[in-house]
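Here are a few exercises to work through with the model open on your screen. Try each task before you read its solution.

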Amino acid sequence: MTLFDRIPMPVAVCDASGAIILANPAMAAEWGETSGALRARNVLELFRPEEKTQVLRIAEALRLRHRSRYPVAVRWNAADGVRRHGEMTAEPVSDTADDVPGLLVMLRVLGEHRTPDPAPAEAAATPAETRILALLAGGATTAQAARDTGLTLDGVTYHLRRLTERWGAANRTELVARAYASGVLAPGVWPPAARAE
């Protein structure tokens with residue numbers, strides 16, 4: 001544990017859905033937080049991928065139990081207000097080959113810009129949340145959404161609970177309605193899908 005805390009590179013250990021289990025002080029410093037304050041936050045809420053397809057590729061690889069390193073180009077606004085960009089590398093890790101792997105996430109800062117990104121819209125959803133919303137809009141149950149996304153039932157429930165809290169929705173029907181109203185899901189498309197950017 002002492003070695004983990006002393007690594008100068010920002011590093012975190014996450015579950016398969018991206019929720020942080022453990023973060024070292026260098027990772028916490030990017031957000032002006034303590035390591036414990038990042039626990040249970042999702043790395044995709046902290047770092048914005050440059051290409052959403054990179055995240056979908058990692059999710060599919062985890063579902064198929066592939067073991068490799070997956071680089072993702074990301075950007076974020078650090079605690080000091082400086083907009084940074086870099087590369088986040090996700091590596092599946094587990095005690096045995098049969099276990100659902102967690103992710104060892106390492107961040108390499110490549111540069112910075114002095115103009116911060118605008119604040120994210122309240123209606124923003126992570127790629128995983130958007131995929132789950134699209135499945136629900138198509139009539140999927142929690143179990144079907146878990147199977148189609150490669151997440152556990154608890155993983156899907158976690159994402160839905162976070163969305164419910166963030167959007168102040170009363171139920172899943174309202175979540176889907178808000179996803180369409182805010183432009184997260186594309187109108188007039190079947191099966192339901194994320195809005196093209």
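Of the 197 residues in the protein chain, 42% are buried, where buried means under 20% relative accessible area, exposed over 50% and partly exposed in between (1.4 Å probe, protein chains only). This is a predicted model, in which local features need pLDDT of at least 70 and side-chain atom pairs count only at pLDDT 80 or more, while totals for chains, interfaces and linings use all residues. Residues are numbered from 1 along each chain as its sequence is written, and side-chain values use heavy atoms, with hydrogens and water left out.

**Exercise 1. Get your bearings: count the helices and strands, then check the confidence.**

Step 1. The protein chain has eight helices and six strands. Both come from DSSP runs numbered from the N terminus: helices are H or I with at least four residues, strands are E with at least two.

Step 2. Reading from the N terminus, the order is α-β-β-α-α-β-α-β-β-β-α-α-α-α.

Step 3. Now the pLDDT, the predictor's confidence in each residue from 0 to 100. The chain averages 82, and 83% of the residues score at least 70. Be wary of residues 114–121, though: the pLDDT there is below 50, and beyond near neighbours in sequence this stretch has nine contacts in the model (contact means heavy atoms within 4.5 Å).

**Exercise 2. Find the largest nonpolar core and say which helices supply it.**

Step 1. Start with the term: a nonpolar core is a set of buried Ala, Val, Leu, Ile, Met, Phe, Trp, Tyr and Cys residues joined through side-chain atoms within 4.5 Å.

Step 2. The largest one has 21 residues, and Leu133, Val156, Trp167 and Leu175 have the most contacts inside it. Helices H5 (127–137), H6 (142–149), H7 (153–167) and H8 (172–181) each supply at least two of its residues. H5 gives the most, with six.

Step 3. Zoom in on Leu175. Leaving aside residues up to four places away in sequence, Leu175 touches Leu133, Leu160, Leu163, Thr164, Trp167 and Ala169.

Step 4. Don't stop there: a second, separate core of 20 residues includes Ile20, Met27, Leu38 and Leu46.

**Exercise 3. Why does H5 count as largely enclosed by the rest of the structure?**

Step 1. Nine of the 11 residues of H5 are buried, so the helix is largely enclosed.

Step 2. Pick them out in the viewer: Pro127, Glu129, Thr130, Ile132, Leu133, Ala134, Leu135, Leu136 and Ala137.

Step 3. Just past the end of H5, look at Gly139, which takes a positive phi of about 100°.

**Exercise 4. Work out what surrounds Asn24.**

Step 1. Asn24 sits in the loop between strand S2 (20–23) and helix H2 (25–29). Its relative accessibility is 0%, so Asn24 counts as buried.

Step 2. A polar atom of the Asn24 side chain lies 2.9 Å from the backbone nitrogen of Met27.

Step 3. Apart from residues up to four places away in sequence, Asn24 touches Phe4, Asp5, Ile7, Met9, Pro10, Val11 and Ser35.

**Exercise 5. Trace the aromatic cluster.**

Step 1. The structure holds two aromatic pairs. Rings of Phe, Tyr and Trp (its six-membered ring) pair if their centres lie within 6.5 Å; planes under 30 degrees apart count as stacked, over 60 as edge-to-face and the rest as tilted.

Step 2. Trp31 and Phe47 are edge-to-face, at 5.5 Å centre to centre with 70° between the planes. Trp31 lies in the loop between H2 and H3 and Phe47 in the loop between H3 and strand S3 (48–49), so this pair ties together parts 16 residues apart in sequence.

Step 3. Phe47 and Trp76 have ring centres 5.1 Å apart and planes at 80°, so they are edge-to-face as well. Trp76 is in strand S4 (residues 70–77), so this pair ties together parts 29 residues apart in sequence.

Step 4. Put together, the ring pairs link Trp31, Phe47 and Trp76 into a cluster. Trp31 is buried at 17% relative accessible area, and both Phe47 and Trp76 are buried.

**Exercise 6. Hunt for backbone oddities.**

Step 1. Most residues other than glycine have a negative phi, and most peptide bonds are trans.

Step 2. Ala40, in the loop between H2 and helix H3 (43–46), has a positive phi near 75°.

Step 3. The peptide bond from Trp190 to Pro191 is cis, with omega near 0°; Pro191 is in the segment after H8.

Methods:
A polar contact is a pair of N or O atoms within 3.5 Å; within protein, one must be able to donate a hydrogen and the other to accept it, and residues adjacent in sequence count only if both atoms are side-chain atoms.
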